[in-house]
Amino acid sequence: MKPAPFVHHAPTTVAEAVEVLRAVGSHGKILAGGQSLIPILSMRLASPEHLIDINGVAGLDRIEVRDDCVRVGALVRHTQLLQDESAYAALPLLRQALVHVAHPAIRNRGTTVGSLAHADAAGELPSVLALTEGVVEAVGPRGSRDIPASAFFVGPLETALAADELAVAVRFGRFPEGTRTGFAESARRSGDYALAGVALAITLQDKVIRSARASFVSVTDVPDVLDLSGAIGSYAAVPDLDAVADAVRAHVSPDTDIHATGDYRRMLVAELTRRLVTELLSR
Amino acid sequence: MTTRQFGQPIKRKEDPRLVTGGGRFLDDLGHTAYAAAFVRSPHAHARILDIDVTGALDVPGLIGIWTHEDLPGKVGEPLPLLIPHPSLTAPVTGYCLAPDEVNHVGEAVVMVVAVDRYAAEDACGLVRVDYDVLPPVVGLENARAATDLVHDSAPGNVAAHLVQEVGDVDIAMAAAPNRLTLDLQIERSMCSPMEGKGVYAVWDADDEHLRLWSSTQTTTGVRAAVAAKLDLPLAKVDCIAPDVGGGFGVKIVHPWPEEVLVPWTARLLGHDVKWTEDRREHFVSSAHERGQLQQVEVGFDDDGHVLALDVRLWHDNGAYTPYGIIVPIITSTQLLGPYKPGSYRCEFWSLYTNTVLVTPYRGAGRPQGVYAMERTMDAIAAELGLDRAEVRSRNFILPEEMPYDHGLLFQDGRPLKYDSGDFPASLAKLKALVGWDEFAAYKEQAASEGRRVGLGIGCYVEGTGVGPYEGGHIVIETSGRVNVATGLTTQGQGHQTVFAQIVADELGVPIENVFVTTGDTRRMGYAVGTFASRAAVMSGNAIALAARQVKAKALRIAAEALEVSPEDLEIVGGMVRVKGAPGTSMALGTVAVMSNPLRYAFDEAARAATQFAGGNDPDKPPVAAGEEPGLEGKDFYSPTQATFANGMHAAIVETDPVTAEIRILRYCVVHDCGPMINPMIVEGQVHGGVAQGVGGALYERMVYDESGQLLNASFMDFLMPYASEVPFIETDHLETPSPLNPLGIKGAGEAGCIPVSAVIASAIEDAEGFPIRSMPISPTELWELRQRHTEPVAAQGEPS
Ligand SMILES: Cc1cc2nc3c(=O)[nH]c(=O)nc-3n(C[C@H](O)[C@H](O)[C@H](O)COP(=O)(O)OP(=O)(O)OC[C@H]3O[C@@H](n4cnc5c(N)ncnc54)[C@H](O)[C@@H]3O)c2cc1C
């Protein structure tokens, strides 16, 4: 389990990184926390000729809370974001989801942006980016662009980022006042990728449900958003849990793998959602 | 008086070194060694048509590439059949490198040596092997059906077939008022030591001497096997186990192909060579265990007494049988646990499959046997509407029936005869610990809150400390330092501590002065190995006997010097002194000086032993007749039979009524391994065992697809439980001594994991109200079982 030979590049600025990306094109891979990429290299599932190690790039490790979003730089580790109080105050869903990402040792190295660039349908953060209608800021030889979540995830492990583009940051959108969020998942072992998971945001005005939206982990090909506002009904005191569960079951398309059947996951995610709705509305 | 060390929960002497990074594991050795890597079969069953290495020859750093054709003499012959057995009628062992056929994914086909592992793997990737794929035999049903064969030399895929019977089962069964049949299944798992295997070899060409380090459970075994394969005199081979990061059984098998090839290439190349197994290699090319299909028929009276027990087992032994049929033999004998059925027959078939070979993994066949027996006990209780603990206790062997001879042959080829144990007392303790009698009320209360809980129980007896022997060697230096050596190996069990405790007591020396070496053939050439919960019993007793010899010698020498009789002397705190007159004394180190008459003084202490120092009788030889120089002793312990430890576990589980997720709320263990040398270490062993048992019950399995690919060959998909999945473990102990050995002890190493699958199955069954017949069980499987049991249309009888 040793990687094939590669050339290691260590740019110190975004401009340098882009320059290397331009030169190596599709023969290169960006290395952030390495928690997904290094195992892939070691098992020789991929053998890129160049690694562009961004860990020395200045200015990418910042978390910024803005009126409409939380902006997270490409070198912010999961742990840093998890522990950031202002990010939590602005967007509690971040911490609610991040506690489910792997274990501390992995969170200390793995980056939140890297997790999105990796776009594993079993990862927690893609569902968060989707539900917050977030944006990925990409920089490449052809300049900078913003990619909205809805266009970012193309398929399992596939994003709209070009091979020579660097995601410098992501912006997670903040919810309107009166929104309650939660995250629930079930994994075979604590910290494992989930068999199924759900991120949920319910916006209330007085006791009336204005909107209810969910996105999912491990049960959809790409993390899209399911609008449950119709199914849940209007009154926070009497949500229509059966209708919510039905809507979730109809929306997801889980596969069978060695850990659980698709049918089981479908049941599971509906039940997780039902319980999460109850929990959010009884807070 | 100094306190007796035996029985004290002292902290482990080895831990400060290990937890501060001072460990020296295999891969910490040999930084300048060449690295070996292997091209392994991607197919479960195939003929090798052609091997083309040309593409790899230009890899920078490549040293050499070898295929089977290149292996000379015995190196190219099959690996040894370690434990032959008359019933093993079609034994097949593998080769160091596969000659013309591969029989499982992961089997070594080509060896590459390069300047480092990176280059070696680069070259491996460029070797081309052409295969003609043959139909693979995967899973016990296919092995049994024998439509395809793994080895042409094993008709029906049967490696071995064995029947043992006590009493007349057919007659007793026919006469029994009640009868039940159970079809049971238990999955594969594996040892998963934190450190995989590894070998490092240094060839000294001037001395024609091989020094070999292996991450093994038996250095004497590896040494003998390698010497035989390489045609070297035993005196020219040393084998040493450095710190070993866990074994759990897989490292008792030897020689692994790499243990032969690494020293062979080191000699050939005249350069150190090292191989460190990576995790994927460990999954596909070491060993697994536990897979069995079982069919139990039981006849019993209306009180639940078992009158006839008829068991048939189909055991998956994987592609080869280097370790013989030890595992199914243990299953078939230890299945009986603490019970005495009126008659018993066990028939097993050990079957080949095109999968990784199967050799003992902690528990070694017992978890399967206990699972079969305990599922049966629960089924009897359910059938008769009796309390499950009560049915068990009615079948117990009673203390007054000890020693109890089952009339069967155990894994060491000797009678299965229990030496001691008090099963009713153990059960009473367990019931008190878990709150057996209060559980019904708790369950009802939980049900009223919409929760499902269940209580499970499992009992076992474990034959520990099997022979043939182990030795102990002790030398006391003139400084008073006590060097202890035993030949079996250590994989983290705490041997440095418990053996030191024994020696400290026997010799009357401070434990800080005692230094224990294990698994180094330079220090002890005669040994068997670490397996079958045998280290404490075998080496512990051997070391105690050796210490008694040293003590007797020390007292003889000191008695002469102090002009008293040896009976009047005692050793306390490292001082030999006259009983009742502690002022008259001499240090053990001084006795060591006197024990070795010298010509040359190399230090101050040595002066006292030189020839002009005075005090020696000119009429006597300096070394008395019948004595040897030095304060040294060596002895061996070789018992007539195993000693039998036992235990009983209970667990309370909760199952989610909707999602079928399974949570262990409480886990209780009552354990009896006789007097405990170090209770803290025993508890640690129990905890580790339970953790592995929980893995086997709820998480781990080897997922082979129909073509024989192992789909979960990584820690991402092979679900070894994390600390978060292991429940808090409540323990209580009985200490029923064994009459068989000087220390009265029994083994404790494997105990914890043995009944866990049985206990968890029992608890889930209690929570759910339908039988659990297949383990491990995952939420998705429990959920499906529920559907089968609640939807009558879909019901297809018991899952098997
Ligand atoms: C044992 C284990 C358990 C895990 N469990 C979970 C879990 O439960 N949930 C979960 O979500 N994750 C889990 N992870 C993955 C972890 O969260 C990773 O850290 C994360 O997915 C990737 O982040 P990284 O910084 O390590 O990226 P890397 O491994 O460095 O890179 C991953 C991929 O993203 C690309 N990439 C990285 N950064 C950028 C960038 N800025 N711009 C463009 N491309 C980029 C890389 O080229 C590569 O293709 C686990 C990992 C391990 C080892």
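Q: How many of the eight residues of helix α15 (residues 588-595) of chain B are buried?
A: Start with the cut-offs: buried means under 20% relative accessible area, exposed over 50%, and partly exposed in between (1.4 Å probe, protein chains only). Helices (H or I, at least four residues) and strands (E, at least two) are DSSP runs, numbered from the N terminus. In α15(B), six of the eight residues are buried, so this helix is largely enclosed by the rest of the structure. The buried set is Leu588(B), Gly589(B), Val591(B), Ala592(B), Val593(B) and Ser595(B).

Q: What kind of model is this?
A: It is a predicted model, in which local features need pLDDT of at least 70 and side-chain atom pairs count only at pLDDT 80 or more, while totals for chains, interfaces and linings use all residues. Residues are numbered from 1 along each chain as its sequence is written, chains are lettered from A and ligands numbered from 1 in the order in which they are written, and side-chain values use heavy atoms, leaving out hydrogens and water.

Q: How many residues of strand β27 (residues 662-672) of chain B are buried?
A: Eight of its eleven residues are buried, so β27(B) is largely enclosed by the rest of the structure.

Q: Which strands pair with β27(B)?
A: Two strands pair if DSSP finds at least two bridges between them. Strand β26 (residues 643-655) of chain B runs antiparallel to β27(B), and ten bridges join them. Look across that pair: Val653(B) stands opposite Ile664(B). The hairpin has six residues between the strands, and there Ala660(B) takes a positive phi near 65°. Strand β28 (residues 729-734) of chain B is parallel to β27(B), with six bridges. Here Val669(B) has Thr731(B) in β28(B) as its bridge partner.

Q: Is the β-α-β crossover from β27(B) to β28(B) right-handed or left-handed?
A: Point the strands away from the viewer; the crossover is right-handed if the path from the first strand over the helix to the second runs clockwise. From β27(B), the chain passes through helix α17 (residues 679-699) of chain B to β28(B), and this crossover is right-handed.

Q: Which residues come nearest to the ligand?
A: A residue counts as near if one of its heavy atoms lies within 4 Å. There are 32 residues around the ligand, and Ile30(A), Gly34(A), Leu37(A), Thr111(A) and Glu124(A) come nearest. Three elements of chain A, β2 (28-31), α7 (112-118) and β10 (166-173), each supply at least two residues of the shell. The most comes from α7(A), with five residues.

Q: What polar atoms of Lys29(A), Ala32(A) and Glu124(A) lie by the ligand?
A: The test for a polar contact is a pair of N or O atoms within 3.5 Å; within protein, one must be able to donate a hydrogen and the other to accept it, and residues adjacent in sequence count only if both atoms are side-chain atoms. For Lys29(A), a side-chain N or O atom is 3.2 Å from an oxygen atom of the ligand. Ala32(A) uses a backbone N or O atom, 2.8 Å from a ligand oxygen atom. Glu124(A) places a polar side-chain atom 2.6 Å from a nitrogen atom of the ligand. On its own, the ligand has 950 Å² of accessible area (Shrake-Rupley, 1.4 Å probe). The protein covers 89% of that area.

Q: Where are the cis peptide bonds of Pro255(B) and Pro403(B)?
A: Check omega. The bond from His254(B) to Pro255(B) is cis, with omega near -10°. Pro255(B) sits in the loop between β11 (237-240) and α6 (257-269) of chain B. The bond joining Met402(B) and Pro403(B) is also cis, with omega about -10°. Pro403(B) lies in the loop between α10 (388-395) and β16 (404-409) of chain B.

Q: Are Asp206(A) and Asp231(B) buried or exposed?
A: Asp206(A) is exposed, at a relative accessible area of 74%. Its phi is positive, about 55°, although Asp206(A) is not a glycine. Find Asp206(A) in the loop between β12 (196-205) and β13 (208-217) of chain A. Asp231(B) is exposed at 58% relative accessibility. Asp231(B), not a glycine, has a positive phi of about 55°. Its loop lies between α5 (219-230) and β11 of chain B.

Q: Is Gln294(B) buried or exposed?
A: Gln294(B) counts as buried, at 2% relative accessibility. This residue belongs to strand β13 (residues 292-300) of chain B. A polar contact of 3.1 Å joins its side chain to that of Gln292(B).
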